[in-house]
Amino acid sequence: MSVDVTVLYFSGCPSWQTAIERVHAAADRTDVAVQVSTQAVETTEDADRLGFTGSPTILLDGTDPFAQPGGISALACRVYATPDGLAGSPTVDQLADALSRCAS
């Protein structure tokens, strides 16, 4: 099965590039085929329309597996809770788990 991955990003936050690298590493680890695309979010209207809660927002088949209840749209950098503390991108392990759940 293949998963469509969209990385929504705001140009002021460089973590989206790390997220893309980690998505590919997670896909290799799980043997889940991915098709990765990126989309710049440039206005608050775009952020609202896309459910963009910070850069990077990673969508798997259109759904944010890391969404937090009550998250608000914002042109800002996003942080993720990881086993090592807050980070600008999910870990490869977190992404691998999310890809596996999405693909099953």
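Accessible areas here come from the Shrake-Rupley method with a 1.4 Å probe, and for residues only the protein chains shown count as cover. This is a predicted model, in which local features need pLDDT of at least 70 and side-chain atom pairs count only at pLDDT 80 or more, while totals for chains, interfaces and linings use all residues. Residues are numbered from 1 along each chain as its sequence is written, and side-chain values use heavy atoms, with hydrogens and water left out.

**Figure 1. Welcome to the whole chain.** Following the chain from its N terminus, you meet its elements in the order β-α-β-α-β-β-β-α. The radius of gyration, taken over C-alpha atoms, is 13 Å, close to the 13 Å that the globule rule gives for 104 residues, so the chain is as compact as a globular protein of that length. That rule is 2.2 Å times the number of residues to the power 0.38. In total there are three helices and five strands; helices (H or I, at least four residues) and strands (E, at least two) are DSSP runs, numbered from the N terminus. Along its principal axes, the C-alpha trace spans about 35 × 30 × 25 Å.

**Figure 2. Surface, interior and charges.** The accessible surface of the chain is about 5600 Å², and 49% of this belongs to carbon and sulfur atoms. Of the 104 residues, 37% count as buried, where buried means under 20% relative accessible area, exposed over 50%, and partly exposed in between (1.4 Å probe, protein chains only). Among contacts with a separation of 6 or more, 67% join residues 24 or more positions apart; a contact means heavy atoms within 4.5 Å. The chain carries 5 positive and 13 negative side chains, and the centres of the two sets lie 4 Å apart. Lys and Arg count as positive and Asp and Glu as negative, with His and the chain ends not counted; each charge is placed at NZ of Lys, CZ of Arg, CG of Asp or CD of Glu.

**Figure 3. Two aromatic pairs.** A search of the whole structure finds two aromatic pairs. Y9 and W16 form a stacked one, with 4.1 Å centre to centre and 20° between the planes. F66 and Y80 form an edge-to-face pair, with 5.6 Å centre to centre and 90° between the planes. F66 lies in the loop between β3 (57–60) and β4 (80–82) and Y80 in strand β4, so this pair ties together parts that are 14 residues apart in sequence. Rings of Phe, Tyr and Trp (its six-membered ring) pair if their centres lie within 6.5 Å; planes under 30 degrees apart count as stacked, over 60 as edge-to-face and the rest as tilted. Y9 is buried at 16% relative accessible area, and W16 is buried at 17%. F66 is buried at 14%, and Y80 is buried at 4%.

**Figure 4. A look at helix α1 and the loop after it.** A25 sits in helix α1 (residues 15–30) and is partly exposed, at 33% relative accessible area. A25 and V36 are 11 residues apart in sequence and 12 Å apart in space, C-alpha to C-alpha. D31 is in the loop between α1 and β2 (33–40). D31 has a positive phi of about 60° although it is not a glycine, and it is exposed, at 71%.

**Figure 5. Backbone details on either side of β3.** The peptide bond from S55 to P56 is cis, with omega near 0°. P56 lies in the loop between α2 (44–50) and β3. D61 belongs to the loop between β3 and β4. Phi of D61 is near 50°, a positive value in a residue other than glycine, and D61 is partly exposed, at 39% relative accessibility.
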